[in-house]
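Please open the model in your viewer and keep the selection tool at hand. The stops below are meant to be taken in order, each with something to select and something to look for.

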Amino acid sequence: MRMERFNGRAWLAELGYPNIEENPMGEKIEQWWAWYTATAPFYGSDTTINGRHFKVKRISIRPAKMVCEDWASLLFNERTEIGLEGSSEQEGASLQAANDWLEGWLADHDFMRVASRTTERAFALGTAGWALSVDGLNVDGTRSDGAEIIPERYDARQIIPLAYTGERCTECLFTSKVLIAGKRYNQLVVHRLTPDGSYEICTAHFNDAGKRVVFDNFVERFDTRQTTPTFALIRPGIDNCHLEYHPFGVSVFDQALGAVEMCDMAVDNLNRDLYLGQKMMFIPSAMLEKDARGNTVVPRAADQQLFAAFEDAGYIDGRAQGPYEYNPDLRV
């Protein structure tokens, strides 16, 4: 393994992409991710009043995520089948062999389960993607008998189109975090067309300092010799009204953020009513034990169900006051 003072942009420029643009949908994707994970500003706020810091947090049932989960489960469930179709009897034997191979390959990579997760991310962030990687190649980049094709999934935060016409993307960059020999690296993978029209997979790794790391016996460029794209982007069937003629799509809850907010606001309001409606018990401090420092020991103080109400027992109408309970009207 060796290091080079080389950042990702320099490597991409070397491949022929000197002007990589920032994701024009980045701001929207961050907003959708915040609602999807219930981390949007709506779910919490920090306020300082007269030098005192207050933190308010709303609870959530994650309605945005629930919607995406349901849509994904409609597409990928126990009734979903993936296979090839033919039109003639002559294709029967070869078609069956191809379907047998495909079924085994999908099972080996747990594709159906991962596909559901990928679809969920696509519906949440507007875009997700599949990209093929090849493991077990010869050191010189040629095919070996032990080579294996692996489907890798990505979401919109990890995808940068490099060449596209309208909604059709022909070359793409995929970024991810990988762990190699116990160390984390940033992995950049480019799927692009060669002058011959076949797809080439180019891979590079960088540490957190932006230095390129070159691993021994790792194939950084592999010509698949296939004209079929080695990646695919997934988008919901919703028109992108934020950015026209771009391969990225739109979140399924983009136009329903108000409904998401209202749903969680109702849940949080119910939670507050239940919390404020708890029974409380007031007892005179004279009836409570003292610790070694003279502080009053309140039973179950963590639940705030018992409170020391008076310095002494107190008298009303000549009668000593003992413990009494308080039941808020909200308990009804």
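The tour goes through the pockets, the cavity, the nonpolar cores and the salt bridges of this predicted model.

**The largest pocket**

Begin by selecting Trp101, Leu132, Val134, Ile149 and Gln226, which lie nearest the centre of the largest pocket, a space lined by 35 residues. The volume of this pocket is about 1,100 Å³. To see which elements surround it, colour α4 (92-108), β4 (128-135), β5 (148-155), β11 (221-223) and β12 (231-234), each of which gives two or more residues to the lining. Among these, helix α4 deserves a selection of its own, since the most residues in the lining, seven, come from this element. If you then colour the lining by residue class, you should find 19 nonpolar, 10 polar and six charged residues.

**The second largest pocket**

Next, select Ser133, Val134, Asp135, Gln187 and Phe218, the residues closest to the centre of the second largest pocket, whose lining has 25 residues. This pocket has a volume of about 560 Å³. Val134 can stay selected from the previous stop, as it is also listed among the residues nearest the centre of the largest pocket. Two or more lining residues come from each of β4, β5, β7 (168-180), β8 (183-193), β9 (199-206) and β11, and the largest share, five residues, is that of β4. Coloured by class, the lining of the second largest pocket shows 13 nonpolar, eight polar and four charged residues.

**The enclosed cavity**

How many cavities of 30 Å³ or more does the structure hold? There is one, and the space within it comes to about 40 Å³. To locate this cavity, select its lining residues Glu21, Asn23, Pro24, Ile159, Ile160, Pro161, Tyr164 and His246. Five of the lining residues are nonpolar, two are polar and one is charged.

**The nonpolar cores**

Now turn to the side chains that pack inside the protein. In soluble globular proteins, nonpolar side chains tend to be buried together. Select Trp35, Phe174 and Phe253, which have the most contacts inside the largest nonpolar core, a set of 33 residues. The elements that contribute two or more residues to this core are α2 (26-36), α3 (63-75), α5 (111-125), β4, β7, β12 and α6 (257-276), with helix α2 providing the largest share, five residues.

Centre the view on Phe174 and display its surroundings: leaving aside residues up to four places away in sequence, Phe174 touches Trp130, Ala131, Tyr154, Gln158, Ile159, Gln187, Leu188, Val189, His191, Phe231 and Leu233. One of these neighbours, Leu188, belongs to a second, separate core of 12 residues, which also includes Leu15, Leu162 and Leu173.

**The salt bridges**

The last stop concerns charged side chains, for which the whole structure yields 10 salt bridges. Select Lys65 and Glu120 to see one of them, with a distance of 3.0 Å from N to O. This pair joins distant parts of the chain, Lys65 lying in helix α3 and Glu120 in helix α5, 55 residues apart. Are the two partners buried or exposed? Lys65 counts as partly exposed because its relative accessibility is 22%, whereas Glu120, at 12%, counts as buried.

Move on to Asp155 and Arg121, whose closest N and O atoms are 2.7 Å apart in another salt bridge. This pair also links distant parts of the chain, from strand β5, which holds Asp155, to helix α5, which holds Arg121, with the two positions 34 residues apart in numbering. With a relative accessibility of 2%, Asp155 counts as buried, while Arg121 is partly exposed at 22%.

Keep Asp155 selected and add Arg157, since the side chains of these two residues also meet in a salt bridge, at 2.8 Å from N to O. Arg157 has a relative accessibility of 44% and therefore counts as partly exposed. Finally, return to Lys65 and Glu120 and add Glu69, because salt bridges with shared partners join these three residues into one network.

Key: Residues numbered from 1 in each chain as written. Predicted model: local features only at pLDDT ≥ 70, side-chain atom pairs only at ≥ 80, totals over all residues. Heavy atoms only, no water. 1 Å grid on protein atoms, 1.4 Å probe; cavity = no way out; pocket = protein on both sides within 12 Å on 5 of 7 lines; lining within 4 Å. Points joined across faces, edges and corners; volume = space filled by probe spheres on them. Nonpolar A, V, L, I, M, F, W, Y, C, P; charged D, E, K, R; others polar. Helix = DSSP H or I, 4+ residues; strand = E, 2+ residues; numbered from the N terminus. Core = buried A, V, L, I, M, F, W, Y, C linked by side-chain atoms within 4.5 Å. Buried < 20%, exposed > 50% of the residue type's maximum accessible area, 1.4 Å probe, protein only. Contact = heavy atoms within 4.5 Å. Salt bridge = Lys/Arg side-chain N within 4 Å of Asp/Glu carboxyl O.
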